[in-house]
Amino acid sequence: MQSPREPARAGRPRNSQIDAAVLDTTLAVLDASGYTRFTLEEVARRAGTTKPAIYRRWPTRQHLVLAALARRLGEVAVPDSDCTLCDLAECISVFVAAFDRMPPGVLGPLLADCTADPGLRGDFMTMLFAPPRAAVEQTLTRAIARGDLRADLDLGLTLDLLGSLVHYRALFGHAATSDAEIERAVETLLQGIATDYPRLVEHSRQLQGEPEIHQLHP
């Protein structure tokens, strides 16, 4: 009689300390060397582990970098002050803050490295692009519900308008985005999408007083 088959042994449980050490080291190497000079050998050496151990967790260096950048990005707060003018300025700041957390010179080459693989490109969009966009979308939806923005607003297009200035400058690195430019961008946008733009300016002044930045608004 055939003996009963022995149950398969479970593999070694994944060591979360190694995961954290590799992700933290990945960020340190990206900060120091950028993406084009990033190597798994350097990460393994600094983290005190091996390349096979890294590959068991992340199948490619792109997957590892995406996971590390998503760790640094963290949870994105949703602007919600009941002041649409203030919140939209903060929405642009959400995009600015997301890019500011990224090591310089990494996002452009990483995106180029992910583009040929639909799965990797999808991961890039889901892990790095989508979180700030989703936060800003919630802010816009609440402003529509308050009656501050038009009910027929194209949310996708408005999200692109809010983020495009930041994305363009972050990817090409030719200019920073100042508070004054954010305010002017919000003014230009709201004049097209607000139900009553002068009322939003007045409401903002009542809540915030008369900060100097509001002198930009007529």
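1. Two residues are said to be in contact when they have heavy atoms within 4.5 Å of each other. In these terms, and leaving aside residues up to four places away in sequence, leucine 190 touches Thr84, Leu85, Leu88, Leu149, Tyr197 and Leu200. The structure discussed here is a predicted model, and the points below describe its fold, its core, its surface and several individual residues.

2. Overall fold. The secondary structure of the protein consists of ten helices and zero strands. Read from the N terminus, the order of elements is accordingly α-α-α-α-α-α-α-α-α-α. Among the contacts with a separation of 6 or more, 71% are between residues 24 or more positions apart.

3. Burial and surface. The protein has 218 residues, and 39% of them count as buried. Its accessible surface comes to about 12200 Å². Carbon and sulfur atoms account for 52% of that surface.

4. The nonpolar core. The largest nonpolar core has 58 residues, of which Leu69, Leu110, Leu162 and Leu190 touch the most other members. Helix H5, residues 84-100, gives the most to this core, contributing eleven residues. Leu190, whose contacts opened this note, is thus one of the four core members named here; among the residues touched by Leu190 are Thr84, Leu85 and Leu88.

5. A nonpolar patch on the surface. Tyr168, Leu171 and Phe172 make a nonpolar surface patch of about 360 Å². Tyrosine 168 belongs to helix H8, which covers residues 155-172.

6. The annotated region. The unreviewed UniProt entry carries the annotation "DNA-binding region" for residues 39-58. In the model, the chain over residues 39-58 is 75% helix and 0% strand. The C-alpha atoms at the two ends of this stretch are 14 Å apart. The name of the region comes from the UniProt annotation, whereas the helix content and the distance are computed from the model.

7. Salt bridges between distant parts of the chain. The count of salt bridges comes to 13. In one of them, the side chains of arginine 142 and aspartate 80 meet at 3.0 Å, N to O. This pair links parts of the chain 62 residues apart: arginine 142 is in helix H7 (residues 118-145), and aspartate 80 is in the loop between helix H4 (61-73) and H5. Arginine 142 counts as partly exposed because its relative accessibility is 33%. Aspartate 80 is also partly exposed, with a relative accessible area of 48%.

8. A link between helices H7 and H8. The side chains of aspartate 160 and arginine 133 form a salt bridge at 2.7 Å, N to O. Aspartate 160 lies in helix H8 and arginine 133 in helix H7, so that the pair joins distant parts of the chain, 27 residues apart. The relative accessibility of aspartate 160 is 40%, and this residue therefore counts as partly exposed.

9. A further pair and a network. Arginine 150 and aspartate 152 meet through their side chains in a salt bridge of 3.0 Å, N to O. Are these two partners buried or exposed? Arginine 150 is partly exposed, with a relative accessible area of 34%, and aspartate 152 is exposed, at 58%. Elsewhere, Asp82, Arg146, Asp148 and Arg199 are joined into one network by salt bridges that share partners.

10. Leucine 153. This residue is placed in the loop between H7 and H8. Leucine 153 counts as buried because its relative accessibility of 11% falls under the 20% limit. Beyond residues up to four places away in sequence, leucine 153 touches Ile144, Thr158 and Ile193. The C-alpha atoms of leucine 153 and threonine 141 are 9.6 Å apart in space, and the two residues are twelve apart in sequence.

11. Aspartate 82. Most residues other than glycine have a negative phi. Aspartate 82, however, has a positive phi, near 70°. The residue is located in the loop between H4 and H5. With a relative accessible area of 42%, aspartate 82 is partly exposed, and it is one of the residues in the salt-bridge network described in point 9.

12. Glycine 173. Where does glycine 173 lie? Its place is in the loop between H8 and helix H9 (179-193). Glycine 173 counts as exposed because its relative accessibility is 59%. The C-alpha atoms of glycine 173 and glycine 108 are separated by 10.0 Å, while the two residues are 65 apart along the chain.

Notes: Residues are numbered from 1 along each chain as its sequence is written. This is a predicted model: local features need pLDDT of at least 70, side-chain atom pairs count only at pLDDT 80 or more; totals for chains, interfaces and linings use all residues. Side-chain values use heavy atoms; hydrogens and water are left out. Helices (H or I, at least four residues) and strands (E, at least two) are DSSP runs, numbered from the N terminus. Buried means under 20% relative accessible area, exposed over 50%, partly exposed in between (1.4 Å probe, protein chains only). Accessible areas come from the Shrake-Rupley method with a 1.4 Å probe; for residues, only the protein chains shown count as cover. A nonpolar core is a set of buried Ala, Val, Leu, Ile, Met, Phe, Trp, Tyr and Cys residues joined through side-chain atoms within 4.5 Å. Patches are made of residues with over 30% relative accessible area and no salt bridge: like charges are joined within 9 Å, nonpolar side chains (Val, Leu, Ile, Met, Phe, Trp, Tyr) within 5 Å. A salt bridge is a side-chain nitrogen of Lys or Arg within 4 Å of a carboxyl oxygen of Asp or Glu. UniProt positions are given in the numbering used here, feature names are shortened, and annotations may be inferred rather than shown by experiment.
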